[in-house]
Amino acid sequence: MQITENIVTFSFNGKSFQAIEGQTIAAALFANGVKKLGVSRKLQQPRGLFCSNGRCASCFVSGNGMDHVLSCMSLIENGMIIQSNESDPDIRRKIDGD
Ligand code: FES
């Protein structure tokens, strides 16, 4: 039996990478040597994988325009555009333009 792996392409902070379909975003980034996923709120220090099971929120990234995606729990998708989280979200963002 031959196992074939589907390769997907994604970008992180504008740089193109490849991953294996079925990997989490964090695993795909880690496999490509990316360990810094953002910065901490208060001290602006590098954040990355900590618990790897969706409990600590240390691995937030923005994926396909959605803020605060848990990269350790979300699967990578072909063509996905991922950005590191460098600041808090604007919680007062206007939704309907008012
Ligand atoms: S590493 Fe803790 S939630 Fe992802």
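**Group meeting: a walk around strand 5**

Hi everyone, let's start with one pair of residues: V61 stands opposite V69 in strand 6. Before going on, a word on what we are looking at. This is a predicted model, where local features need pLDDT of at least 70, side-chain atom pairs count only at pLDDT 80 or more, and totals for chains, interfaces and linings use all residues. Residues are numbered from 1 along each chain as its sequence is written.

Now the overall layout. The protein chain has one helix and seven strands, and along the sequence the pattern reads β-β-α-β-β-β-β-β. Helices (H or I, at least four residues) and strands (E, at least two) are DSSP runs, numbered from the N terminus.

Back to strand 5, residues 60-63. Strand 5 and strand 6 run antiparallel and are joined by three bridges; two strands count as paired if DSSP finds at least two bridges between them. Besides the valine pair, G63 has M66 in strand 6 as its bridge partner. On the other pairing, strand 5 meets strand 7 (residues 81-84), again in the antiparallel sense over three bridges, and there S62 has Q83 as its bridge partner.

Which residues of strand 5 point to the buried face? V61 and G63 do, while F60 and S62 point to the other face and are not buried. Here, buried means that 20 or more other C-beta atoms, placed from the backbone, lie within 10 Å of the residue's own; exposed means 12 or fewer, and partly exposed is in between. That fits a general habit: in a regular strand the side chains alternate between the two faces of the sheet.

Let's zoom out to the sheet. Five strands form an open sheet in the order 2-1-7-5-6, with mixed pairing. Strand 2 (15-20) and strand 6 stand at the edges with a single partner strand each, so one side of each is left without a neighbour in the sheet. From one strand to the next, the twist averages 40°; the axes behind such angles are lines fitted to C-alpha atoms, for helices over the stretch in contact, and angles run from 0 to 180 degrees between N-to-C directions.

Next, two asparagines with an unusual backbone angle. Most residues other than glycine have a negative phi. N64, however, has a positive phi of about 50° and sits in the turn of the hairpin formed by strand 5 and strand 6, with two residues between them. With 12 C-beta neighbours inside 10 Å, N64 counts as exposed. N13 also has a positive phi, near 50°, and lies in the loop between strand 1 and strand 2. N13 is exposed because it has 12 other C-beta atoms within 10 Å.

So much for the loops; what about the inside? Buried residues make up 21% of the 98 residues in the protein chain. The largest nonpolar core has 16 residues, and F10, I25, A28, L29, I76 and I82 touch the most other members. Strand 1 (7-12), helix 1 (25-31) and strand 6 (66-70) each supply at least two residues of this core, and helix 1 gives the largest share, four residues. A nonpolar core here is a set of buried Ala, Val, Leu, Ile, Met, Phe, Trp, Tyr and Cys residues joined through C-beta atoms within 7 Å.

Take F10 in strand 1. F10 is buried because it has 22 other C-beta atoms within 10 Å. Leaving out residues up to four places away in sequence, F10 touches F17, A19, A28, I76, G79, M80 and I82; contact means C-beta atoms, placed from the backbone, within 7 Å. F10 and I76 are 66 residues apart along the chain, yet their C-alpha atoms are separated by 7.9 Å.

L29, with the same sequence neighbours set aside, is in contact with F12, V34, L37 and S71. And across the chain, among contacts between residues at least 6 apart in sequence, 39% join residues at least 24 apart. Thanks, everyone!

Methods. Contact = placed C-beta atoms within 7 Å.
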